[in-house]
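The briefing below sets out the fold, the core and the aromatic contacts of one protein chain. Please read it with the sequence and the structure side by side.

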Amino acid sequence: QVQLMESGGGLVQAGGSLRLSCVASGISFLSNRMGWYRQAPGGSRELVARMTSSGGGSTNYADSVKGRFTISRDNAKNTLYLQMNSLKLEDTATYYCYRGGPGMSAYWGQGTQVTVSS
């Protein structure tokens, strides 16, 4: 069965850094679409970063995190990463990783909580 498990969340100071990991089992991140999205307290939900494997891979970022966040993957470890730098209060959210499934479907993890304090 396809399972995605996020880790690395926690409480961090504004301006600090955090690295999220997403380990996949039952499926490979190779040759598929994948990324991260987040949901802030109160209901705000946005796609944070995404990656595709076509043509060697490409990345896209939400304007709110561009220049601060970096998405990457380690194929050997079947792991997706989100490096988050210069964290802001508004980055506080539950972060979920996803991998595209058949058609427009997707697999996603349970989420990891990121809380940024001042």
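Which residues form one aromatic cluster? In this predicted model, the cluster consists of Tyr37, Tyr96 and Tyr98, and the points below place these residues within the strands that carry them, after a look at the chain as a whole.

**Overall fold**

- The protein chain contains eleven strands and zero helices, so that its elements, read from the N terminus, run β-β-β-β-β-β-β-β-β-β-β.
- With a radius of gyration of 14 Å, close to the 13 Å that the globule rule gives for 118 residues, the chain is as compact as a globular protein of that length.
- The C-alpha trace spans about 40 × 25 × 25 Å along its principal axes, and buried residues make up 39% of the 118 residues in the chain.
- Among contacts with a separation of 6 or more, 55% are accounted for by residues 24 or more positions apart.
- The chain exposes about 6200 Å², of which carbon and sulfur atoms supply 49%.

**Nonpolar core**

- In soluble globular proteins, nonpolar side chains tend to be buried together.
- Here the largest nonpolar core has 25 residues, and those with the most contacts inside it are Leu20, Trp36, Phe69, Leu80, Leu82, Met84 and Tyr95.
- Two or more residues are given to this core by each of the strands S3 (18–25), S4 (34–39), S5 (45–52), S7 (69–74), S8 (79–84), S9 (93–100) and S11 (112–117), with the largest share, four residues, coming from S3.
- Phe69, one of the core residues with the most contacts, touches Arg38, Val48, Tyr61, Leu82, Gln83, Met84, Asn85, Leu87, Asp91 and Tyr95, when residues up to four places away in sequence are not counted.

**Strand S4 and its partners**

- Five of the six residues of S4 are buried, and this strand is therefore largely enclosed by the rest of the structure.
- S4 pairs with S5 in the antiparallel sense over six bridges, and within this pairing the bridge partner of Trp36 is Ala49 in S5.
- The same two strands, S4 and S5, form a hairpin with five residues between them, and Gly42 in the turn has a positive phi of about 105°.
- S4 is also joined to S9 by six bridges, again with the strands running antiparallel, and here the bridge partner of Gly35 is Tyr98 in S9.

**Aromatic pairs between S4 and S9**

- A pair of aromatic rings is described by the distance of the centres and the angle of the planes.
- A search of the whole structure finds two aromatic pairs.
- In one of them, the rings of Tyr37 and Tyr96 have their centres 5.1 Å apart and their planes at 15°, so this pair is stacked.
- Because Tyr37 lies in strand S4 and Tyr96 in strand S9, the stacked pair ties together parts that are 59 residues apart in sequence, and both Tyr37 and Tyr96 are buried.
- The rings of Tyr37 and Tyr98 have their centres 6.5 Å apart and their planes at 45°, so this pair is tilted.
- Since Tyr37 lies in S4 and Tyr98 in S9, the tilted pair ties together parts that are 61 residues apart in sequence, and Tyr98, like Tyr37, is buried.

Methods: Residues numbered from 1 in each chain as written. Predicted model: local features only at pLDDT ≥ 70, side-chain atom pairs only at ≥ 80, totals over all residues. Heavy atoms only, no water. Core = buried A, V, L, I, M, F, W, Y, C linked by side-chain atoms within 4.5 Å. Buried < 20%, exposed > 50% of the residue type's maximum accessible area, 1.4 Å probe, protein only. Contact = heavy atoms within 4.5 Å. Pairing = 2+ DSSP bridges. Phe/Tyr/Trp six-rings, centres within 6.5 Å; stacked < 30°, edge-to-face > 60°. Rg over C-alpha atoms; globule rule 2.2 N^0.38 Å. Areas by Shrake-Rupley, 256 points an atom, 1.4 Å probe, with all protein chains shown as cover.
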